[in-house]
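Colleague: I'm new to reading protein models, and I'd like a close look at one part of this one. Could you start with the cysteines and then walk me through a pair of packed helices?

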Amino acid sequence: MMNDSPACLSVGLLVADHICAPIPHLPQSGQLVLTDRLELTTGGCASNVAMDLARVGVKSGLIGCVGDDAFAQFVIDTHRDAGIAVDGIRRIAGVGTAGTMIINVTGQDRRFIHALGANAALSADDIPLDLVRRSRVLYVGGYLLMAGLDPARLGEVFRAARAAGVTTVLDVVLPGPGDYWPQLGPVLTETDVFLPNRDEAAIITGAHDPKQQALRLREAGAGTVVITAGDEGLTVVSGERRLLAAAHRMPFVGGTGAGDAFVAGYIAGLLDEGSLEQCLAWGAALGASCVRSISATASVFTRPEAIEFIQQHPLQIESW
């Protein structure tokens with residue numbers, strides 16, 4: 001059990017990322033293509049959010065599963081070294097740690113090859129309610145990819161968190177097309193902030209317009225819905241408020257982890273007791289900073305850098 005209470009308890013996907021610097025083209029069968037470097041880094045929604053929060057000085061704890069291989073120790077050690085509480089990481093015997101191969105091709109969106117590994121074993125019973133109640137934000141990232149997270153039980157965890165005054169934040173990763181309402185319904189009704197990207201929201205709702213997506217998800221029970229769309233900005237529905245926000249322009253190296261960086265920034269704004277606009281500004285700043293490297297977290301702003309950026313680059317927000 002974690003001795004100290006984290007401001008944010010980050011639950012979900014823990015991954016060892018194997019990522020290449022951009023290559024000129026995908027290799028043909030039997031062909032070797034050179035890259036400037038290959039990196040082994042941590043990844044996965046819960047990991048990225050915790051690491052990004054650590055960069056802006058927010059104390060966080062991780063809840064997730066790893067295997068019994070060398071990658072498991074790498075994941076645990078990397079987060080511990082960043083000052084993140086790792087007591088809640090469970091090791092699963094006879095299973096590999098989740099891994100993702102991230103292939104960056106110049107001028108193209110990144111490609112992913114993923115092995116779910118130990119993440120499949122994560123269940124709501126891994127989330128200690130006493131620790132949840134001592135936190136300020138409960139974040140679950142990668143929901144819908146982890147079959148072990150039972151919707152009814154996770155909904156109960158979220159309900160207990162909200163009863164204790166803890167803000168619940170949800171993000172998803174979809175394994176493909178499908179009907180996700182049965183899994184989302186019991187959780188969305190207890191979700192304070194839901195942050196899918198536009199493609200995920202399209203699969204869930206069947207709508208292609210982010211405004212319609214946000215309204216549909218708000219009707220399903222989420223308190224605030226933020227639809228992210230990369231460099232096309234944000235669509236937000238929160239209570240009776242309807243907002244559009246532009247995206248910041250940054251020199252682009254790689255997009256891995258940018259969505260998670262936005263989530264971390266939004267949570268940092270919540271923990272600062274900021275307004276909706278301030279939370280969006282924090283999210284947009286951290287999300288933009290992430291694309292300056294191929295890693296999911298290496299180039300994310302520190303707190304002083306984020307504050308300076310937000311002051312010098314006010315986020316353009318308008319109502320719709």
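Modeller: Happy to! In this predicted model, the number of disulfides is zero. Take Cys20: the nearest cysteine sulfur belongs to Cys290 and lies 16 Å away, and Cys20 is in no disulfide. A disulfide needs two cysteine sulfur atoms within 2.5 Å. Cys20 is also buried, its relative accessible area being 7%. Cys65 is likewise in no disulfide, and its nearest cysteine sulfur, at 15 Å, is that of Cys45. With a relative accessible area of 0%, Cys65 is buried.

Cys45 leads us on to the helices, since this residue belongs to helix α1 and takes part in its contact with helix α8. To describe two packed helices, we give the angle between their axes and the distance between the axes. Here α1 covers residues 45–55 and α8 covers residues 258–271; they pack at an angle of about 50°, and their axes are 8 Å apart. The two helices are therefore oblique to each other. As for handedness, α1 and α8 make a right-handed crossing.

Now look at who touches whom. From α1, the contact uses Cys45, Asn48, Val49, Asp52 and Leu53, while α8 brings Asp260, Ala261, Val263, Ala264, Ile267 and Ala268. Sorted by character, the residues of this contact comprise eight nonpolar, one polar and two charged. Try finding Cys45 on your screen, as it is one of the α1 residues in this contact.

Notes. Residues are numbered from 1 along each chain as its sequence is written. This is a predicted model: local features need pLDDT of at least 70, side-chain atom pairs count only at pLDDT 80 or more; totals for chains, interfaces and linings use all residues. Side-chain values use heavy atoms; hydrogens and water are left out. Axes are lines fitted to C-alpha atoms, for helices over the stretch in contact, and angles run from 0 to 180 degrees between N-to-C directions. Helices (H or I, at least four residues) and strands (E, at least two) are DSSP runs, numbered from the N terminus. Angles under 35 degrees count as roughly parallel, over 145 as roughly antiparallel, 65 to 115 as roughly perpendicular and the rest as oblique. A crossing is left-handed if the near helix is turned anticlockwise from the far one by less than a right angle, and right-handed if clockwise. Contact means heavy atoms within 4.5 Å. Ala, Val, Leu, Ile, Met, Phe, Trp, Tyr, Cys and Pro count as nonpolar, Asp, Glu, Lys and Arg as charged, and the others, Gly among them, as polar. Buried means under 20% relative accessible area, exposed over 50%, partly exposed in between (1.4 Å probe, protein chains only).
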